[in-house]
Amino acid sequence: CIRDRIEIVEALTGKVLMRPGKAPESGVRTFFSSDGQLLTAVAGENPSVAFTWNLATGQRMADWRLPGECLTMSPLGKRAAVYLPGWRIEILNREANAEPVVISAPGRFGVKAMFTRSGDRIFIGAPGSRLTMHYATTGAKLKTYRDSGHVGRIVQFMLSPDEKQMLTQDWSQNVVIWDVESAEPRPIISLKARCADWSPDQDKPRLALGTAQGVRILTWSVEN
């Protein structure tokens, strides 16, 4: 967000790729949907308003007034995960008659959430380095990814393009790679990174880490 507008910028060159619209007045947080097709800008916390654009068409979807802090939006913008007082997360559906799905939040501060590309599952991370996966349609817990090498709370997590691997990073920049299906950490040497991202190649997923050496990037094949 720059002054009163939102810009999408190519990270390596700084080239402005798109100016989807005017930014909300204050308290703006922005995030992409897990498939990268939607951009959501959220203003306020309790309540909040979500402004969402389809990046393929540039079209702005109908604004969505949410009862609490918006944590994330599903692909296609059909669902939103909202943190509410009372340590609970509600998954809301844009369909007016759909009942919200309630999941007990494992903490008060630092709660993170991420939908899968299909939007039918959601990962929730919280203080204590605990990460869980739930059905987005019912809230039922599917898996628990227990602490392994993390110090303090998890600050980000992201899925590989094929959604078979997951990266988590804690406050101390420790990185852990997980097998999504088994919920077990992969036997990879201890890693630290300031930033990380997966390549878009589903056939051979690779991971780039920005390390303490500045612009140095480490890239390797996860299978090896």
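Burial first. Of the 224 residues in this chain, 43% count as buried. Keep in mind that this is a predicted model. The exposed surface comes to about 12,100 Å². Carbon and sulfur atoms supply 50% of that area.

Now the fold elements. There are 22 strands and zero helices. As for contacts, take those with a separation of 6 or more. Residues 24 or more positions apart make up 31% of them.

Let me go to strand 17, residues 174-179. Five of its six residues are buried, so the rest of the structure largely encloses strand 17.

What does strand 17 pair with? On one side of the sequence, there is strand 16, residues 165-170. Strands 16 and 17 run antiparallel, with five bridges. Within that pairing, Leu-167 sits opposite Ile-177. Three residues separate the two strands in the hairpin. One residue to look at here is Gln-173, which has a positive phi near 70 degrees.

Then comes strand 18, residues 184-185. Strand 17 pairs with strand 18 too, again in the antiparallel sense, over two bridges. Trp-178 stands opposite Pro-185. This hairpin has four residues between its strands. In the turn, Ala-183 takes a positive phi of about 60 degrees.

Hold on to Trp-178. We meet that residue again in the aromatics.

How many aromatic pairs does a search of the whole structure find? Two. Start with Phe-123 and Tyr-145. Their ring centres are 6.0 Å apart and their planes meet at 50 degrees, so this pair is tilted. To call a pair edge-to-face, the planes would have to be over 60 degrees apart. The pair joins distant parts of the chain. Phe-123 belongs to strand 12, residues 121-126, and Tyr-145 to strand 14, residues 141-145. They are 22 residues apart.

Are these two buried or exposed? Phe-123 has 0% relative accessibility, so it counts as buried. Tyr-145 is buried as well, with a relative accessible area of 0%.

The second pair is Tyr-145 with Trp-178. Centre to centre, it is 5.8 Å. The angle between the planes is 85 degrees, and the pair is edge-to-face. Here too, distant parts of the chain are linked: strand 14 through Tyr-145, strand 17 through Trp-178, 33 residues apart. Trp-178 is buried, like Tyr-145.

Put the pairs together. Phe-123, Tyr-145 and Trp-178 form a cluster linked by ring pairs. Trp-178 brings us back to strand 17, with Pro-185 of strand 18 opposite that tryptophan.

Last stop, a loop. Ser-74 lies between strand 7, residues 69-73, and strand 8, residues 79-84. Its relative accessibility is 2%, so Ser-74 counts as buried despite being in a loop.

What does the side chain of Ser-74 reach? Two backbone nitrogens. That of Arg-79 lies 2.9 Å from a polar atom of the Ser-74 side chain. That of Lys-78 lies 3.4 Å from a polar atom of this side chain.

Which residues does Ser-74 touch, leaving out those up to four places away in sequence? The list is Ser-33, Leu-38, Arg-79, Phe-115 and Gly-119. Arg-79 therefore turns up twice: in that contact list, and through its backbone nitrogen, 2.9 Å from a side-chain polar atom of Ser-74.

How values were computed: Residues numbered from 1 in each chain as written. Predicted model: local features only at pLDDT ≥ 70, side-chain atom pairs only at ≥ 80, totals over all residues. Heavy atoms only, no water. Buried < 20%, exposed > 50% of the residue type's maximum accessible area, 1.4 Å probe, protein only. Contact = heavy atoms within 4.5 Å. Areas by Shrake-Rupley, 256 points an atom, 1.4 Å probe, with all protein chains shown as cover. Pairing = 2+ DSSP bridges. Phe/Tyr/Trp six-rings, centres within 6.5 Å; stacked < 30°, edge-to-face > 60°. Polar contact = N/O pair within 3.5 Å; in protein donor to acceptor, adjacent residues only side chain to side chain.
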